[in-house]
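Colleague: I should be grateful for a guided reading of this chain, in questions and answers.

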Amino acid sequence: MTLAERLAKATEVRKSLVAKITNAETKEELDKIELDLRKADIEIKELEMEVAAEQRSLDDGQSERTHIVNGLVAEPINGPEQRSFTPGAGFTPLATADFTQRSADATDDLFDTLEYRNAFKDYVTKGTPIPDKFAPTAEMRSDQLTVTDNIGAVIPTTIMNRVITEATKEGKILQRVTQTSFQGGVSIPKSDLKPVATWVSETVSSDEQKADANATISFGYHLLEAKIALSLVSSVVSLPVFESTIIKCLKAAMIRAIEAAIISGDGTGKPKGITKITAPAERTVEMTLDEIGTVKKWAEPESAIPEAYEDKGIYLMNKKTWEKYLNAMTDTTGQKIGLGRINERGEKRLNGRLVETVEYMKSFDAAVAGDVFAVLVDLEEYCLNSNLAMSYKKYFDEKANKYVHKSLMIVDGKMADDNGLVIIKKK
């Protein structure tokens, strides 16, 4: 099946999903259709890119050829600016055609227009349905959801970009993980995520190199639903104030939901969290109540992390664990020894490493035997996979007697390489 045929088939599948919307009887059915639409739209976008790349390749191949016209040789065509040909050779249509020229309208983002931004504001604040003309198509923005009054609305590009940018900068965890956008369900060689240089003269790879070359990772389509507490004055709020408020609410909701999953997600319907990974015995440290406050015991995680991950590893733990057992650590005379300390920039440090305190992990006191209460990890080895496209839904909750606002995004994540992870448990 050719790329064009696959694209046509995917487009038909999407049309059939859109047709099912009006027959959906429950919120769960709508959510399922919504997820299937996202998958179809992602597939359509990728196929369109492949078709475009194939066409460019054909065009480039044609333009690089030497043309024979009326027995004379025409100059090779390398681009739209080089259209000259040998005098007397006659008219060469290929020499005057610009295959790369596209109209400005073809690249305009419909969801970044002032008209759509105002329509989105009215949808959120007044409940006004999004106009049909803003329903995304494969030619407009195929990575988004279909827009209907039942399904919701695509978040304007201006808002979405600011949410992603600010969340990535402000999140303690988000700013440190690796962002990817691979297609879901596809096995990706881990060597593609972390290339390894080898000497050309090395003709035989070691067993470890062979294992690394064969190791793969794949991502799923997990639908993140972040409910938002939003109270806006429906009739008087201005567009700048509205967008600023939406960005603030979305950013806070997304940071909390995604970072919680990165730390403690179980991998079922959500990303697999760092604390859910089973590390080998040599990279698992157990601490008792008597040991957690000793310098010697905190040397064990340091000795367990491999040299290759030494420079980028940081500690993650609950704030209560940090304050009670590390920042307050004392010697036998009761004097504070400063193993855990805060430097002049306000950074928490343990054995010279950065410590990030997160609320998504149990404190040592709240943990039971066998629970993970801290980790030493190179967060760059964690891949957060998403197309970074968000939709927005508003519906009335009859039981709570109020409107519920929520944002939807497809996200998955897992450790591409967990060799740089040391698990610290309560014993």
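**Helix α1 and the interior**

Modeller: Helix α1 (residues 3–20) consists of 18 residues and spans 26 Å from its first C-alpha to its last, close to the 26 Å expected at 1.5 Å a residue. Please note that this is a predicted model.

Colleague: Which residues of α1 are buried, and what arc do they cover around the axis?

Modeller: The buried residues of α1 are Leu-3, Leu-7, Ala-10, Arg-14 and Leu-17. Ala-4, Lys-9 and Lys-15 are exposed on the other side of α1. The buried residues lie on the same side of α1 because the arc they cover around the axis is only 80°.

Colleague: What share of the residues in the chain is buried?

Modeller: The secondary structure of the chain comprises 11 helices and 16 strands. A residue counts as buried under 20% relative accessible area. Of the 427 residues in the chain, the buried share is 42%.

Colleague: Which helix gives the largest share of the largest nonpolar core?

Modeller: In soluble globular proteins, nonpolar side chains tend to be buried together. The largest nonpolar core here has 54 residues, and those touching the most other members are Phe-120, Ile-262, Ile-274, Leu-316 and Val-375. Its largest share is 11 residues, and these come from helix α9 (residues 239–264).

Colleague: How many residues are in the other core?

Modeller: This other core lies apart from the largest one, and its members include Val-285, Ile-292, Phe-364 and Val-422. Phe-364 also has the charged end of Lys-426 over its ring, 4.7 Å from the ring centre. The number of residues in this other core is 22.

Colleague: Which residues is Leu-316 in contact with, leaving aside its neighbours within four places in sequence?

Modeller: Leu-316 is one of the residues that touch the most other members of the largest nonpolar core. Beyond four places in sequence, its contacts include Glu-356, Met-361, Phe-373, Ala-374 and Val-375. Also in contact with Leu-316 are Ile-173, Ile-263, Ile-274, Val-377 and Leu-379.

**Aromatic rings**

Colleague: Are the rings of Phe-111 and Tyr-116 stacked or edge-to-face?

Modeller: A pair of aromatic rings is described by the distance of the centres and the angle of the planes. The structure holds 7 aromatic pairs. For Phe-111 and Tyr-116, the centres are 4.9 Å apart and the planes stand at 85°, so the pair is edge-to-face.

Colleague: Which residues form one aromatic cluster with Phe-111?

Modeller: Phe-111 is buried, at a relative accessible area of 0%. Tyr-116 is likewise buried, with a relative accessible area of 0%. The cluster joins Phe-111 with Tyr-116 and Phe-134.

**Local geometry and distances**

Colleague: What is the phi of Asn-351?

Modeller: Most residues other than glycine have a negative phi. Asn-351 lies in the loop between β11 (348–350) and β12 (353–357), and is partly exposed at a relative accessible area of 32%. Although Asn-351 is not a glycine, its phi is positive, at about 55°.

Colleague: How far apart in space are Lys-414 and Asn-385, C-alpha to C-alpha?

Modeller: Lys-414 belongs to strand β15 (residues 402–415) and counts as partly exposed, with 26% relative accessibility. In sequence, Lys-414 and Asn-385 are 29 residues apart. Their C-alpha to C-alpha distance in space is 8.5 Å.

Colleague: Is Leu-114 buried or exposed?

Modeller: Leu-114 is found in helix α5 (residues 114–126). It is 44 residues from Thr-158 in sequence and 9.8 Å from it in space, C-alpha to C-alpha. Because its relative accessibility is 52%, Leu-114 counts as exposed.

How values were computed:
Residues numbered from 1 in each chain as written. Predicted model: local features only at pLDDT ≥ 70, side-chain atom pairs only at ≥ 80, totals over all residues. Heavy atoms only, no water. Core = buried A, V, L, I, M, F, W, Y, C linked by side-chain atoms within 4.5 Å. Buried < 20%, exposed > 50% of the residue type's maximum accessible area, 1.4 Å probe, protein only. Helix = DSSP H or I, 4+ residues; strand = E, 2+ residues; numbered from the N terminus. Contact = heavy atoms within 4.5 Å. Phe/Tyr/Trp six-rings, centres within 6.5 Å; stacked < 30°, edge-to-face > 60°. Lys NZ or Arg CZ within 6 Å of the ring centre and 35° of its normal. Expected span 1.5 Å × (residues − 1). Arc of directions from axis to C-beta.
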